[in-house]
Amino acid sequence: MKIVSTKADLSRVIALALGAVSTKNVMPVLTNLLIEARDHSLTVTGTDLELGVRAKISAEVVQPGSTALPAKKLSELVRTFEEGDVELSVKDGVKAEIRSGRATIKLTGAQPEDYPAFPTLRKERSIKIPSETLLAMIRRCAFSVSQDETRYILQGALLQGDPTKIRMVTTDGHRLSMVEKDATAGQEAVSCVIPAKALQELTRILEPKEDAATLYVTENQLFVEWGDLAIFSRLLDGQFPNYDQVIPKKNEHKLVAETAPLIAVLNRMSPLAADKGNSVKFLVNEDGLQVSAATAEIGEASESVDVDYSGPSMTLAFNARYLLEALKALGSERVEIRLNTALSPALLTPLGSDDGGRYVIMPMRA
Amino acid sequence: MPTIRLLDPAVSDRIAAGEVVERPSSVVKELVENALDAGASTVGVEVERAGRSLIRVSDDGSGMAREDLELSVLRHATSKIASAEDLERLGTFGFRGEALPSIASVCELTITTHAEGDESGWRLGVDGGRTLGTAPAARARGTTVEARGLFRHTPARLKFLKSDATESGRMLAELSRMALARPDVGFTLVLDGRTALEAPRGEGAQARLARLWGGTLAAAALPVDHSEAGVRVHGWVAPPALARGARTGQWLYVHGRLVEHRQLGFHLSQAYGSLLPHGRHPVAALFIEVPSGEVDVNVHPAKREVRFLREAQVLDCLRHGVERALGAARLFVGTRMAEPAPGWPPAREAAPAGEASRETSRPPWAGPVRSPQGPAEFQAGGGAGAWAEAELLRGLGWGARPPGARAEESPEAAAAREDWPVFLAQLHRSYLLCQDSQGLVVVDQHAAHERVLYERQLVALRRGAPASQKLLLPQRLELAQEQVERLEATREAWEALGLEMENVGKGMFFVTAIPELLKSVPMEALVGDLADGRPTGQPASGEAAEDLRREVAARMACRAAVKAGDALSWEDAGRILADLSACAIPWSCPHGRPPLVRVTLAELERSFQRR
């Protein structure tokens, strides 16, 4: 195998695939990147078997072939190369020689045949969605994925598509985030739970463009195609909670506030809430909203916020972090918080520029 | 012809003897108890061939008149009680009237006795249960009982005897335990002509303890004396560093009678709580006194088991007494086990003896190394009952302890706080090197700070419930019926800490809110622990919730404490040391690891071969 490419192209394609390379050394071959040259293009693949990324660039292929080279070393080396052409030639599948400028680097890799094959795509049910929309959905709700190892199914995001809508839902058992978008034409019904790691990789390697990404969902795998990139991920297997049941429908007391000032107030309260599980108190009545926090023996803080509210007087407590994350994800100038009682879930929805986010937060016991 | 018939007395006696006279040491126990009941001030035991040939117990007690002597070998003949009511207020070891006839049925028994006031003494012989007759005999006041050819008539039992060494060891252990309870009485044990135990009468409790436990252990033993709710517990407990791998070091007495009682043993361990790593057992000698009529010793023929009318109070008293003794003491983890005194432990308790000798046989150049109790072996032991926290909480008025029972410090402990280690330098950004009057003290900075913060958090938790997060998705748990009952019994306590659970019946619970700080703890495990509570089944109010409270406090403390690797200024280190000295329990971090380890000057001197 022998190819000629540029430092810029090579380092980009290596960086894309590197994210999927295993950090554990259980299977040594997985610490490599699979490099394949054929038909005027170079394909670089990284995987830890849970997740895989395959990126393709065009390159001058002098002699087709393949190899598997140590991912971290290769990435570190290529980054230091001077701009310009890079020549990569491989003998016997494992002996690589890289030339850049006046530098010659010899690397010993692994037999490409030992590298696990990238799963072949069975084009089953699919969703087409502009990459910018997919990224927005992930950004709007990835933060409330559960960290609890014992509730496996909550460590991912539910992706659900039907002929009219596409939605993504995450919950950690204390709060729930949902984003809903209109479906593109011809969308098929799908439902799967995407692991948090895959969401992370998607945000890292997709760029916000109008170009549609295609998501193929099989029984246990998600396959995303976007231009010259392909990503696969194992799906989480299990029953995601019925999110619709959790979203309150009868919260009648509407509180409307400007988002930015409310975020500022919560940020000011947070230092004094930190020692008490981030608990901030909301005292809401017709006069407005009073937010306060206190830590025994340290101090307390309170601040009033202008709101529109006509419901009964109520005292609630929230985890300030949950509120802040939801408010930041809303992406609207104003927020509507719908309340029922002090101990029942609150529903946050954006006002003005609605991009489909819905946030349910369970209060704390004050 | 009827197939059911009354057994021949010789047969029924032998059956009964099976329960009382299990092995030679039971003969010693029964006969020595008789001697003590007769008011003896010295008791001599002579044994040949581990009791197979001869067991002779002589006393200087009241002796028996001829009629009494002849009655004594008859079943249910006793001088100790007269009516059923007397059973309720036993002041003697014996009362069943079974011991002598039982022994007599399995050996050749000779009793020689001389009662005060009688002109002469008398000798009675019994062989395999058959009385051989009474004859005058010369003897000073008192009684001598000789049992020869033990189990000769019951070969099956004979077969089950262990080696002579084992059986002799058992007799020594038995007599040692009895001797501890009666320092006013002199005891001797002669095994095949060799004196195995010689404890002069009236030598005082502390001296008796030193004789039986060995000087080192006795010197380290912490005195216990605690009364509550009409129950008194007194005696000694050994510091945690001297704990053993088996329960053999637990001598528990009720009204001076050695007993076996699982709950007492369990509560003893509970009192040590986080001070003991998993698998280590406390060493203790504790005497329990309850109002007469509140204990039933008539449970088992050998009277090893007892039942208490108010078991919970007895257990609480034991636990609190031990906690108090431990809390008042200065519990450094040494880097080396103290040297065992000669003669301790008794010959047959091979395991601890082996351990100790291994320790002391370490060559001097082997260097100051960790003892078996060193940090490496300390695991988060006994999560169920860290006594230290219980102590602290009770001190704050949380527990079941009556007011005013807060541990007062012993003068020694108070002095120990005066001699608190002084900071010298930080080692590898992880340990604080300090000195006190006895040598070098190494402080684990994280464990020490953790303890400081932990005690503060416990105080804070008393003032207000921690923040609690309502769950959007309630978590379903399935529990066994007995777990459900225990959970419900303590509902108030765990609800006060921010745990909310809805009982929907059939063992199903929905967790609807959890303490914020325990968010990442698996609920099944947490609730399971709460539901399992203490094996007593009847946790005192608030006891089960202590676990939860401790868990919350420990998490808060661990998160906030300085870590290994943090550089500390001189002032920081001094502050941590000072705060640690003010802790109720500075001797253990919340997970049972010791924050302080000491290398004594003596050990240093040995290492440098200065002596």
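Good morning. Between them, chain B and chain A bury about 1900 Å², and 56% of that area lies on carbon and sulfur atoms. I should state at once that this is a predicted model, and the values I present are computed from it.

On the side of chain B, the residues that lose the most area to chain A are Lys470(B), Leu472(B) and Leu473(B), which together account for 37% of what that side buries. In terms of residues in contact, chain A contributes 25 and chain B contributes 18.

Let me turn to the polar part of the interface. How many salt bridges does the rule find across the interface of chain B and chain A? The rule finds 1. Glu500(B) forms a salt bridge with Arg365(A), and the closest N and O atoms are 2.8 Å apart. Between the two chains, 7 residue pairs are in polar contact, with both residues at pLDDT 80 or more.

Which element of chain B supplies the largest share of the side that touches chain A? That element is strand S20 of chain B, spanning residues 468-478, with 7 residues. By class, the side of chain B that touches chain A comprises 8 nonpolar, 6 charged and 4 polar residues.

Strand S20(B) also takes part in pairing between the chains. With strand S27 of chain A, residues 364-365, S20(B) pairs in the antiparallel sense over 2 bridges. Within this pairing, Gln469(B) in S20(B) has Met364(A) standing opposite. Arg365(A), the salt-bridge partner of Glu500(B), falls within the residue range of S27, 364-365.

Thank you for your attention.

Definitions and conventions
Residues numbered from 1 in each chain as written. Chains lettered and ligands numbered in written order. Predicted model: local features only at pLDDT ≥ 70, side-chain atom pairs only at ≥ 80, totals over all residues. Heavy atoms only, no water. Contact = heavy atoms within 4.5 Å. Buried area = accessible area lost by both parts, 1.4 Å probe. Salt bridge = Lys/Arg side-chain N within 4 Å of Asp/Glu carboxyl O. Polar contact = N/O pair within 3.5 Å; in protein donor to acceptor, adjacent residues only side chain to side chain. Helix = DSSP H or I, 4+ residues; strand = E, 2+ residues; numbered from the N terminus. Nonpolar A, V, L, I, M, F, W, Y, C, P; charged D, E, K, R; others polar. Pairing = 2+ DSSP bridges.
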